[in-house]
Amino acid sequence: MSTYVMEMGDASHLELERLRSLETIADPGSRRVLAQLGITGGWRCLEVGAGAGSMALWMADQVGEFGRVVATDIDTRHLGPAAEHGIEIRIHNVLADSMAEWSFDLVHARMVVEHLPDPPTTIRRMSACLAPGRWLVVEDLDLRETTITRIVHKAAQSGTADSVELMLRGTVRAMTAVGGHPTLGPRLPETLSDAGLMDTGSYSRVPSLRGGLTGFYMLSLRRLGPTLIKTGQLDQDGYDRAMAQFEDPSLRFPAPPLVAAWGRVPE
């Protein structure tokens with residue numbers, strides 16, 4: 001059973017919209033990290049939890065015709081454009097399906113490991129399919145209590161504190177209820193080191209969201225809303241007010257930090 005709390009089931013068009021919004025927010029920082037690690041022509045790359053495929057497509061541009069890019073997900077319905085560009089698409093569960101036969105120069109997973117029940121095991125499994133001396137990059141959110149308090153305080157300056165707090169705390173409750181780890185981001189460097197990776201480092205970025213960039217959070221709240229209402233954490237009026245606020249093109253608020261951590265396997 002999937003532990004991905006944001007899954008929208010048959011509402012494929014809404015999930016694609018949500019993933020595209022995430023790409024707009026997160027791709028520039030992800031590309032910066034991978035570029036600094038030296039991705040270049042001929043590299044073999046794996047994108048775990050590829051979503052709508054933007055990072056896999058960018059990797060394909062970097063590695064060129066002599067490289068290889070594999071994009072995996074438990075739901076590959078949004079990866080059609082990537083397949084048209086020669087990227088290998090595989091339905092794959094990183095915790096359950098074999099990875100032993102793979103050998104890559106770079107493995108990247110963004111906002112994937114935080115949704116899984118056993119981050120150390122997931123990281124060891126991804127590391128095992130790297131060639132000696134090659135790189136693993138994992139990116140996850142920082143949704144610690146202190147982080148949420150700071151974001152809500154800043155959001156209060158634009159009158160959006162209630163909606164932002166609702167979305168953030170709803171996300172934490174939903175992820176935790178199914179065994180996820182919403183505070184994993186800041187612990188990633190230590191987790192990579194414990195898995196035996198060398199030369200670890202990290203980079204945290206805090207996008208400032210405005211206008212159309214709020215679609216990712218609006219649709220995330222739309223996904224979580226029925227559960228929050230059913231469990232008594234939110235009433236319908238509060239949900240409706242929050243959704244209206246997220247649809248306001250003048251909305252401004254800081255996003256939760258997204259932490260990218262990297263390390264390489266010993267040679």
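This passage describes the salt bridges of a predicted model and then the cavity that the model holds.

Side chains of opposite charge can pair when their charged atoms come close. In the predicted structure, pairing of this kind appears in a total of 16 salt bridges, of which a few are set out here together with the exposure of the residues that take part. One of the salt bridges joins the side chains of Asp75 and Arg77, with a nitrogen-to-oxygen distance of 2.8 Å. On the side of the arginine, the relative accessible area comes to 42%, so that Arg77 is classed as partly exposed.

Another salt bridge is formed between the side chains of Asp142 and Arg144, where the distance from N to O is 2.8 Å. The two partners of this pair fall into separate classes of exposure, since Asp142 retains a relative accessible area of 4% and is therefore buried, whereas Arg144, at 36%, is partly exposed. Because the limit for a buried residue is set at under 20% relative accessible area, the value of 4% places Asp142 within that class, while the value of 36% places Arg144 outside it and in the partly exposed range.

A further pair lies within a helix. Glu165 and Arg169 are both part of helix α6, which spans residues 161–177, and they stand four residues apart, about one turn of the helix. Their side chains meet in a salt bridge with an N to O distance of 2.8 Å. Of this pair, Glu165 has a relative accessibility of 27% and so counts as partly exposed. Salt bridges also link residues into a network, whose members are Arg68, Glu88, Arg90 and Glu101.

With regard to internal space, the structure holds one cavity of 30 Å³ or more, and the volume of the largest cavity is about 80 Å³. The elements that contribute two or more residues to its lining are α1 (12–36) and α8 (215–230), and α1 makes the greatest contribution, with three residues. The lining as a whole is made up of Leu22, Ile25, Ala26, Met111, Leu141, Arg205, Pro207, Phe216, Tyr217, Pro256 and Leu258. By residue class, the lining of the largest cavity comprises 10 nonpolar residues and one charged residue, with no polar residue among them. As arginine counts as charged, the charged member of the lining is Arg205.

Technical notes
Residues are numbered from 1 along each chain as its sequence is written. This is a predicted model: local features need pLDDT of at least 70, side-chain atom pairs count only at pLDDT 80 or more; totals for chains, interfaces and linings use all residues. Side-chain values use heavy atoms; hydrogens and water are left out. A salt bridge is a side-chain nitrogen of Lys or Arg within 4 Å of a carboxyl oxygen of Asp or Glu. Buried means under 20% relative accessible area, exposed over 50%, partly exposed in between (1.4 Å probe, protein chains only). On a 1 Å grid over the protein atoms alone, a cavity is a set of points where a 1.4 Å probe fits but cannot get out, and a pocket is an open set with protein on both sides within 12 Å along at least five of seven lines; lining residues have an atom within 4 Å of a point. Grid points are joined across faces, edges and corners, and a volume is the space filled by probe spheres set on the points.
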